[in-house]
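I opened the model today to look up a few helix contacts and one side chain. My notes follow.

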Amino acid sequence: VCSADLGAFITINPFIFTKDLEKLEKRVAYLASKRFSKESIARMVTRAPYLLNFSVERLDNRLGFFQKELGLNPQKTRDLVTRYPRMLTGSLEPIKENLKVCKFELGFRENEIQHIVTHVPKILTGSKRRLTEIFDYVHNKMAIPHHYIVKFPQILNTRLLRVKERHAFLQFLGRAQYDPAQPNYISLDKFASTPDEVFCVDVAKASVQDFETFLTTM
């Protein structure tokens, strides 16, 4: 852990000083044996300060779980937990639940779930209700098909209120066109990820004031 992050790390996890040094070294060595680089391990420990509190057995079981349940190869598993290491330290229950939701309730295929999760890992650890609500609105209200959601999975990690407001505004302007085969289609990436100023000018072709005025009517 770099010196700039050390204070925050110790504040969050002072229990690290109660751990046996030899065990801590074994846990770091285990991660290195799984081909995590020194930089990746430092990044993971910084983002998930309790990581080294867990045994080698638990770390191994957790990595095996993601590799098996998501059908990931070792490299993709490393990439996933390096980006979102809290998946190694948090409860598995919401992850298991959201995997079931994606497959059985939302209707995504296994390869689609793999793509979604590797691009937006937070989907697995978030609220089941939030996930189903945003999917229901995007898929059923906005008529976005599964394959297009998979192409732009960040839409599932967007606040529902933002999606509702922007979709309603585009409908008002007659610009709610999300089919890439049709002219003047709106990219879900720009729809979901851009700040209001960019969304209004580049996507809605309107002013921020127009958008704000419209929101007062909702």
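**Entry 1: after H14.** I started at Lys205, just after H14, where phi is positive, at about 55°. This is a predicted model, so I treat the value as computed.

**Entry 2: H14 itself.** I looked up which residues of H14 (residues 196-204) are buried. They include Phe199, Cys200, Val203 and Ala204. Where do they sit around the axis? They cover an arc of only 115°, which puts them on the same side of H14. That fits the general rule: an α-helix has 3.6 residues a turn, so residues three or four places apart point the same way. I then checked what covers the buried residues of H14. The cover includes helix H12 (160-173), helix H13 (188-193) and helix H15 (208-215).

**Entry 3: H4 against H7.** I took H4 (residues 56-69) and H7 (residues 93-105) next. Their axes come within 13 Å and cross at roughly 0°. Angles under 35 degrees count as roughly parallel, and H4 and H7 are therefore roughly parallel to each other. I listed the residues that meet: Phe65, Phe66 and Glu69 from H4, with Ile95, Lys96 and Leu99 from H7. By class, this contact has 4 nonpolar, 2 charged and no polar residues.

**Entry 4: Asn98.** I stayed in H7 for Asn98. Is Asn98 buried or exposed? Asn98 is buried, with a relative accessible area of 1%. I looked for a polar partner and found the backbone oxygen of Leu124, 2.8 Å from a polar atom of the Asn98 side chain. Leaving out residues up to four places away in sequence, Asn98 touches Ile123, Leu124, Thr125, Gly126, Ser127, Lys128 and Leu131.

Key:
Residues numbered from 1 in each chain as written. Predicted model: local features only at pLDDT ≥ 70, side-chain atom pairs only at ≥ 80, totals over all residues. Heavy atoms only, no water. Axes fitted to C-alpha atoms, helices over the stretch in contact; angles between N-to-C directions. Helix = DSSP H or I, 4+ residues; strand = E, 2+ residues; numbered from the N terminus. Parallel < 35°, antiparallel > 145°, perpendicular 65-115°, else oblique. Contact = heavy atoms within 4.5 Å. Nonpolar A, V, L, I, M, F, W, Y, C, P; charged D, E, K, R; others polar. Buried < 20%, exposed > 50% of the residue type's maximum accessible area, 1.4 Å probe, protein only. Arc of directions from axis to C-beta. Polar contact = N/O pair within 3.5 Å; in protein donor to acceptor, adjacent residues only side chain to side chain.
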